Amino acid sequence: MRIQSLTDNFWSIGLFCSVVTGFIVIVSCLTKRRRRYFHLHRLVDDIHHLWPFDDYLIQPTLCNVCSSTLLAGFHCSSCGIYLHERCVRPARRLYHCKHMTNTQEQHQHQWTRGNLPLESECMICHRPCGAEPRLCDYRCIWCQRIVHDSCMRALPTSCDLGEFRQLIIPPNAVVSRTGNKQIVGYAHSVVERILPCEIEDWKPLLVIGNRKSGGANTDLVLNSFRTYLNSVQVIDISTIAPVSILEWCNCLPDIGFYILVCGGDGTVNWILESIENATSGIKPAVGILPMGTGNDLARILQWGHGEDSAVDVSLFLKRLHAAKVVALDRWSVDISATARHFGVATASARNMRMSNYFSVGCDALVTLNFHRRREKIPEFFASRFVNKLHYFHYGTVDTFLKECKDLQNNLEMDGRIIENLPALEGICILNIPSWGAGVRVWGAGENIPVQKIDDGLVEVFGIYSSFHIAQMQVGLADPFRIGQARRVKLTLKRRFPCQCDGEPFEEGPCFVDIQHFTQAKMLMNVSSN
């Protein structure tokens, strides 16, 4: 009897576990299918607003639904309305967000009332706007023009999109189609292609950021760009693949798109590689809003050493519009394993692209240790200053451990084996003048070859130790300059840390072959400010 009871319980437990397992598998498959759909399609949604929460509003603000004072609340970054939490639901019925797409031949103003910027001025009578303690006067969420209630009749109904019209993709240039409701759960549209428009000297801008790498700062910056642009143009590549966005460039092969990358050197390299693989017409020109730790490429292109969520987006768009297109050498890095087990390579071949630098040894080890730690506890690495302290810590540790020895006998440049090198713990192949978060490591002088970003040459230098890196960071030492080359080969006889444009990895015994691949179109800031 007891045995039968145990058997019945066993079958009951087994049946329950099977049902639960099947349910989990089904939910997991549906979730993956939904995630894959979002990864490949840009959704169009003119009704649902973006609601970041502002903990503290600096200027006097009123709720756009109930008109009462607001000290903290929700703010739609796209259309600019402010709300209490209790007013979010009625706002969805009362206010449509900025239209991503429409079929009107002539674009019309889209107005939002009140909560105007301080010191606003009416474009008709040139008198102050928004000075009364109530929701008054209007702002067009496309052209950013501001008018009094009484002056609105004097303004034409058509909107020319304002001073950034040459960067904006108008709603009537966006073609959408009905999306798959069964996957997403609600009716929606997805962007299918971009049409040409009649704007003179049109250079449509795509703003690309990675919320996972830049944290809250990147999210806030992307929201700020939605204020001035069509929300379709602002893309978070943690939710949608860059290749899907770059297909829009192929719809207009004769139009020179601008792409603004909000991120660090690794994100920029990812986008440049996607452009090389996915675009068939005129290659887009790439600008950088530096949100990473080192930002070496952004420094060379005059975009600054680093920005945060307080960046003035309007001023940045002006600089971007006036920027100069320059060429940047791109290099192919081919890594093939030499270690074999029963005649089979123990590791697969690796092919990468390089814009900034490729290095092996102690500096890559510091970056690798930092990267591994950040993967475990990313919340401790949200500050650029704290990140540099972590780099200093790992560099100090390696000064005593000396894990990367004997790299001096592994170098070949333009077919010539380099001999009689001193003992080195690191070798760096440099394409741009900035290295290690802004250090002009190659330098300039009478006997030092001139360094350029578009001459088809890389500069090769050696590093004695991690302490030598610290000395170069503060200008107390020079690198061991080896020379310039069009092709560089490294032979690694044991496992070494490596990094390519700030992305670290470990590689076992292998050959590393670096040679010129192509040139990318970059945007250089020429503004005097």
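How far is the sulfur of Cys140 from the closest cysteine sulfur, and in which residue does that sulfur lie? The close-ups below start there, and they show a predicted model.

**View 1. Cys140 and Cys143 do not form a disulfide.** The closest cysteine sulfur to that of Cys140 belongs to Cys143, at 3.6 Å, which is too far for a bond, because a disulfide needs the two sulfur atoms within 2.5 Å. Cys140 itself is buried, with a relative accessible area of 0%.

**View 2. Cys129 has Cys122 as its closest cysteine by sulfur distance.** Here the two sulfurs lie 4.6 Å apart, so this distance is also too far for a bond. Cys129 counts as buried, at 6% relative accessibility. If you are tallying disulfides, the count comes to zero.

**View 3. Three strands make an open sheet in the order E5-E6-E7.** The pairing is antiparallel. At the edges sit E5 (111-113) and E7 (146-147), each pairing on one side only. E6 (residues 138-140) is joined to E7 by two bridges; look for Tyr138, whose bridge partner in E7 is Val147.

**View 4. The second largest pocket has a volume of about 1300 Å³.** Its lining counts 37 residues, and the closest to the pocket centre are His75, Tyr82, Pro117, Thr227 and Tyr228.

**View 5. Helix H4 gives the most to the lining of the second largest pocket.** Its share is five residues. Strand E2 (53-54), helix H4 (211-228) and helix H8 (313-321) each supply at least two lining residues. Sorted by class, the lining holds 17 nonpolar, 15 polar and five charged residues.

Definitions and conventions. Residues are numbered from 1 along each chain as its sequence is written. This is a predicted model: local features need pLDDT of at least 70, side-chain atom pairs count only at pLDDT 80 or more; totals for chains, interfaces and linings use all residues. Side-chain values use heavy atoms; hydrogens and water are left out. On a 1 Å grid over the protein atoms alone, a cavity is a set of points where a 1.4 Å probe fits but cannot get out, and a pocket is an open set with protein on both sides within 12 Å along at least five of seven lines; lining residues have an atom within 4 Å of a point. Grid points are joined across faces, edges and corners, and a volume is the space filled by probe spheres set on the points. Helices (H or I, at least four residues) and strands (E, at least two) are DSSP runs, numbered from the N terminus. Ala, Val, Leu, Ile, Met, Phe, Trp, Tyr, Cys and Pro count as nonpolar, Asp, Glu, Lys and Arg as charged, and the others, Gly among them, as polar. Two strands pair if DSSP finds at least two bridges between them. Buried means under 20% relative accessible area, exposed over 50%, partly exposed in between (1.4 Å probe, protein chains only).
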